[in-house]
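Reader: I am new to this structure and would like a close look at a single part of it. Please choose one stretch of the chain and follow what its residues do, one after another.

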Amino acid sequence: MTEDGGGFRVAADDPGGALLFNRYHSSIHDVVGVPVMDIKDSTSAAKEELVHFSLGNILASGAFWLGAERLITVGYDDALFLSCIAFLICGIVLAITGYRQSIRRVTRLERYVPENMR
């Protein structure tokens, strides 16, 4: 067994794959190798997805409620009501884009886990 300096001892001589033995408690986990660059890409993409989804939701909800208020008080001929429709559509598109990016990132990471481990 070799120690990697991070608190784990890696046993590479097991024919079933790598085993991790940590210093603090005993446990056995299935381990798969994931390139560090994929993990870094995943964390940076997660932040971007969160921003897209959150801003899209805020934009869509604000445009919806302001548009509803302007429709009730002023009517269809109001320029602000018409702009709320455009902002509502933009917010929905931004939120859907963030959600789809999140699904794509998770799917990409799930490729590293074999079918029998899911």
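Author: Two residues are in contact when heavy atoms of theirs lie within 4.5 Å. Among contacts in this chain between residues at least 6 apart in sequence, 49% join residues at least 24 apart. The model is a predicted one, and the part chosen here is helix α2, residues 79–110.

First, the setting. The chain has two helices and three strands, and from the N terminus on its elements follow the order β-β-β-α-α. Of its 118 residues, 15% are buried. About 8900 Å² of the chain is exposed, with 64% of that supplied by carbon and sulfur atoms.

Now the helix itself. α2 contains 32 residues. Between its first C-alpha and its last the span is 47 Å, close to the 46 Å expected at 1.5 Å a residue. The buried residues in α2 are Phe81, Cys84, Gly91, Ala95, Gly98, Gln101 and Arg105. The element these buried residues pack against is α1, the helix made of residues 36–73. Two of them, Gln101 and Arg105, can be followed in detail.

Gln101 belongs to helix α2. Its relative accessible area is 17%, so it is buried, given that the cut-off for buried is under 20%. With neighbours within four places in sequence left aside, Gln101 touches Glu48, Glu49 and His52. Glu49 appears again with the next residue to be described, Arg105.

Arg105 is also placed in helix α2. Its relative accessible area is 15%, which puts this residue under the cut-off as well, so Arg105 is buried. Apart from neighbours within four places in sequence, its contacts are Ser42, Ala45, Ala46 and Glu49. With Glu49 there is also a salt bridge: the side chains of Arg105 and Glu49 meet at 3.0 Å, N to O. Glu49 lies in helix α1 and Arg105 in helix α2, so this pair ties together parts that are 56 residues apart in sequence. Glu49, like Arg105, is buried. In general terms, side chains of opposite charge can pair when their charged atoms come close.

Ala46, another contact of Arg105, sits in helix α1. Its relative accessibility is 26%, so Ala46 counts as partly exposed. Ala46 also gives a distance between C-alpha atoms: its own and that of Val106 are separated by 9.6 Å, while their positions lie 60 residues apart along the chain.

The structure holds two salt bridges. The one not yet described joins the side chains of Asp78 and Arg70, 2.6 Å apart from N to O. Asp78 has a relative accessible area of 11% and is therefore buried. Arg70, at 23% relative accessibility, counts as partly exposed.

Next come the aromatic residues, one of which has already been listed for α2. Rings of Phe, Tyr and Trp pair if their centres lie within 6.5 Å, and planes over 60 degrees apart make a pair edge-to-face. By this rule there are two aromatic pairs. In one of them, the ring centres of Phe64 and Trp65 are 4.9 Å apart and the planes stand at 80 degrees, so the pair is edge-to-face. Phe64 is partly exposed at 43% relative accessibility, whereas Trp65 is exposed at 60%. The other pair, Tyr76 and Phe81, is edge-to-face too, with 6.0 Å from centre to centre and 80 degrees between the planes. Here the two partners are covered to unlike degrees: Tyr76 is exposed, at a relative accessible area of 62%, and Phe81 is buried, at 11%. Phe81 is one of the buried residues of α2, which pack against α1.

Last, the surface. Leu82 lies in helix α2 and is partly exposed, with a relative accessible area of 48%. Together with Ile85, Ile89 and Val93, Leu82 makes a nonpolar surface patch of about 350 Å².

To put the pieces together: α2 has buried residues that pack against α1, a salt bridge from Arg105 to Glu49, an edge-to-face ring pair between Phe81 and Tyr76, and Leu82 as one of the residues of a nonpolar surface patch.

Terms used. Residues numbered from 1 in each chain as written. Predicted model: local features only at pLDDT ≥ 70, side-chain atom pairs only at ≥ 80, totals over all residues. Heavy atoms only, no water. Phe/Tyr/Trp six-rings, centres within 6.5 Å; stacked < 30°, edge-to-face > 60°. Buried < 20%, exposed > 50% of the residue type's maximum accessible area, 1.4 Å probe, protein only. Helix = DSSP H or I, 4+ residues; strand = E, 2+ residues; numbered from the N terminus. Salt bridge = Lys/Arg side-chain N within 4 Å of Asp/Glu carboxyl O. Patch = residues over 30% accessible without salt bridge, like charges linked within 9 Å, V, L, I, M, F, W, Y side chains within 5 Å. Areas by Shrake-Rupley, 256 points an atom, 1.4 Å probe, with all protein chains shown as cover. Expected span 1.5 Å × (residues − 1).
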